[in-house]
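I opened the notebook to look up how helices pack, where a pocket sits and which aromatic rings pair.

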Amino acid sequence: MPKPRRTRDRAASRGPRHDVRTALDPDALAEAILDHVEFTQGRPPRIATPHDWYMAAAFAVRDRLLQRWIATIDTLRRREVKVVSYLSAEFLMGPHLGNNLVNLGALERARTAVERLGIGLTLDELMALEEEPGLGNGGLGRLAACFLESLSTLEIPAIGYGIRYEFGIFDQEIRDGRQVEITDKWLRYGNPWEIGRPELARYVGFGGRTEWSNDRGGRLRARWVPERMVKGVPYDTPVVGYRVNTANLLRLWRAEACESFDFDAFNQGDYLGAVDEKLVSENITKVLYPNDEPAQGKELRLQQQFFFVSCSLQNMLQLVAQSGEPVERFADAFAVQLNDTHPSIAVAELMRLLVDEHGLDWEPAWEITRKSVAYTNHTLLPEALERWPLPLFRRVLPRHLEIIFEINRRFLDEVRARFPGDEARAARLSLIDEAGDKAVRMAHLAAAGSHAVNGVAAMHTGLLKTTVMHDFHELAPERFFNVTNGVTPRRWVALANPALAALITERIGGDWLHDAEHELKRLEPAADDAAFRERWRAVKRDNKRALARLLAERAGVEVDPDALFDVQVKRIHEYKRQHLNLLHVVTLYQRILADPRAAVVPRVVIFGGKAAPGYFMAKLIIRLINAVGAVVNADPVVAGRLRVAYFPDFNVKNAQRIYPAADLSEQISTAGKEASGTGNMKFAFNGALTIGTLDGANVEIREAVGPENFFLFGLTASEVSERKASGYDPRAVVASDPELRAAIDGIASGRFSGGDAELFRPFVDSLLGRDEYLVLADYRSYVDAQARVSAAYLDPDAWTRMSILNTARVGSFSSDRSIREYAEMIWKVRPVPVEWVGDRAP
């Protein structure tokens, strides 16, 4: 490795100590990186590894974040403020280095700093070395990450609370067309962005019993005596806003044993028993989403949820006490947002802490709980609304079950007073499902214990009110809100697509990065500028070339960058209908075989996404995609006019390479099944046109960009319900459509499985037998819409105009707009600008 160059004399010209720690000029950044190589990594620069240089760069940037974090804390301590506490079982933050540099306004200066060091590495190469924390399964965790970044950008005080999983979502490899799950060892080289805080540990109980006694005032009080205790240790990561001084906090909890080593057991020769408590306790935060099919998996998942919620609420109460305020002011100090049903045990745990630990009476405790807690629902799928069997719940959290029973008794008294004689309604609203195996309905607990319930897209909220939360909406309609999801343009355009960001900024200035909702609209006139359209196409072409190189490297598929890039990347699930896309691919292939000389718009169909390890049909769909791709890509008759590629290990880092290169965004879920979606927004921000159903946020995106710039197809949600109610017959649909029949027969015959007609029989049988998500019903409409896509792509100028208008008109899908709406409608919080403290100069 070349000898690193110092940019200035260490002794004579360093200047004040804080310059190297906090300044953002290239010289200071280069000096800081060198310092961290030597004094944090403990390496002589001449023998430092690329990983050492990445870690040093990360620590140098973290210093700048900590400067802002400390200034934020100092500002908040001097003012009486309400803090947003965002509870989420997932935080899919993505790589930190590049995003932090963008938000600090220092990306290019850092690039210069690394060049000046002369270490034979570029900043992009250092960023590529970062391990991505896979602390989420998909959209839910990525949304939480976007929201935290927007909270900081809008200068709203916030803490994100979650779990520091030792192993995140699996890394995905594709071997012989199959998904293979590889352990995500994201912590194997350490995490430079976090700071462990063992002195702030909290203690969480499980199991045991409840003891009752009278307090000094003669009131009956409960005391929970847990069977075992687990220690929760917080790890803090600063999250800085865009070009502001605010850095909020992501606090993730790690489970540890209260006593990690039993010396007596060891001395008696029980060497495994000596560390048994350590192993059992640490299992709680060992892995993201354990398989909850077996009873042990269900129990561990419940333990995970309660563990991080209890740690977080205890931490909030501790902060209230440290501020000198009484516990009765909790709702004035914190707005507690539940990100889906996973943290909904917070309602019962906050009641326990207030009543049992702090001695409040039930009524004031319930008022505090309801005033502070709000609930975001993210799904209309009944199976995703968590239910815990009563025996399991009683074994793990006996005191909380008592509290839930009492909440339910009082809540149903309210229901019966409002709707006398309507016992069927009371049964539907009950927090306990009394039918069959009795269970706690966690979504009901969240709704009953919150002052606000919101959906995440206009259509989703409407369906929420009329389906899964219909009775709750009738009971208290004023508590229901819509806040459509959003994504941060800093990561998904400025970082992921810097050439496009630069082109937009050159045209309309840079304010769009912190006010996309209003500023991006100013780009619209550029759609009619021929020279600008050509530059826009050049950016897209370069991004497609970069992705083409990556597809050759990762997927082993050579593609033509001038072809239409048709992209569907998201979690693999039947309702997201990757198999509808695939049926179209088979139809295109069969058309080419039937008429090899036919004019075909060249198309590269790119799939990506992970299937849950236990989800058989989703994994079979992955295998079928790869099987079809292998046949199509190898057929000389096709001659490259149609290519299929499966991009392995879809995650945030890879998404940043894919979204900017897409021409067409596939948002084709069954209408009424997708709550919102955020991939649709990321594609649109990067100028991809959408083919989609009227589902989730697609509805609002289509309204925003204009129907003429959106390829609509498929049944509506009401038509889906009507079709099912009238006796949907998938076989009749197939029989009436020769091309669909040919596509199904091609798969069933073994054409794509080496003659093995049994391999994909479960797939074919599922479609012909039930077709739960109406893939076959929407096939013809989808194929016709794809024909409109191909025709539009033949006119590059018109396509580019539509692309520019898509980007110009989706500014309202910034997560900044989402957070403003939460702040105004639900949390009732205001921005708190952070000033620099003492000698800490920006």
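My entries on helix contacts, a pocket and an aromatic pair follow.

I note at the outset that this is a predicted model, in which local features need pLDDT of at least 70, side-chain atom pairs count only at pLDDT 80 or more, and totals for chains, interfaces and linings use all residues. Residues are numbered from 1 along each chain as its sequence is written, and side-chain values use heavy atoms, with hydrogens and water left out.

**Helix contacts.** I took helices (H or I, at least four residues) and strands (E, at least two) as DSSP runs numbered from the N terminus. I used axes fitted to C-alpha atoms, for helices over the stretch in contact, with angles running from 0 to 180 degrees between N-to-C directions. I looked up α24 (residues 578–594) and α31 (residues 738–748), whose axes come within 9 Å and cross at roughly 100 degrees. The two are therefore roughly perpendicular (under 35 degrees is roughly parallel, over 145 roughly antiparallel, 65 to 115 roughly perpendicular, the rest oblique). Among the residues in contact (heavy atoms within 4.5 Å) are Leu583 and Val586 of α24 and Leu740 and Ile744 of α31. By class, this contact has seven nonpolar, three polar and two charged residues (Ala, Val, Leu, Ile, Met, Phe, Trp, Tyr, Cys and Pro are nonpolar, Asp, Glu, Lys and Arg charged, and the others, Gly among them, polar).

I then turned to α4 (residues 97–104) and α5 (residues 107–117), whose axes come within 7 Å and cross at roughly 120 degrees, and these helices are therefore oblique to each other. Gly98, Leu101, Val102 and Leu104 of α4 meet Leu107, Arg109 and Ala110 of α5, a contact that divides into five nonpolar, one polar and one charged.

**Aromatic pair.** I counted 16 aromatic pairs (rings of Phe, Tyr and Trp, the last by its six-membered ring, with centres within 6.5 Å; planes under 30 degrees apart are stacked, over 60 edge-to-face, the rest tilted). Trp492 and Tyr659 have ring centres 5.4 Å apart and planes at 85 degrees, so I logged the pair as edge-to-face. Trp492 lies in α20 (residues 489–495) and Tyr659 in the loop between α26 (652–658) and β21 (664–667), so the pair ties together parts that are 167 residues apart in sequence.

**Pocket.** The second largest pocket holds about 990 Å³ of space (on a 1 Å grid over the protein atoms alone, a pocket is an open set with protein on both sides within 12 Å along at least five of seven lines, a 1.4 Å probe being used, and lining residues have an atom within 4 Å of a point). Its lining divides into 15 nonpolar, six polar and ten charged residues.

Methods:
Grid points are joined across faces, edges and corners, and a volume is the space filled by probe spheres set on the points.
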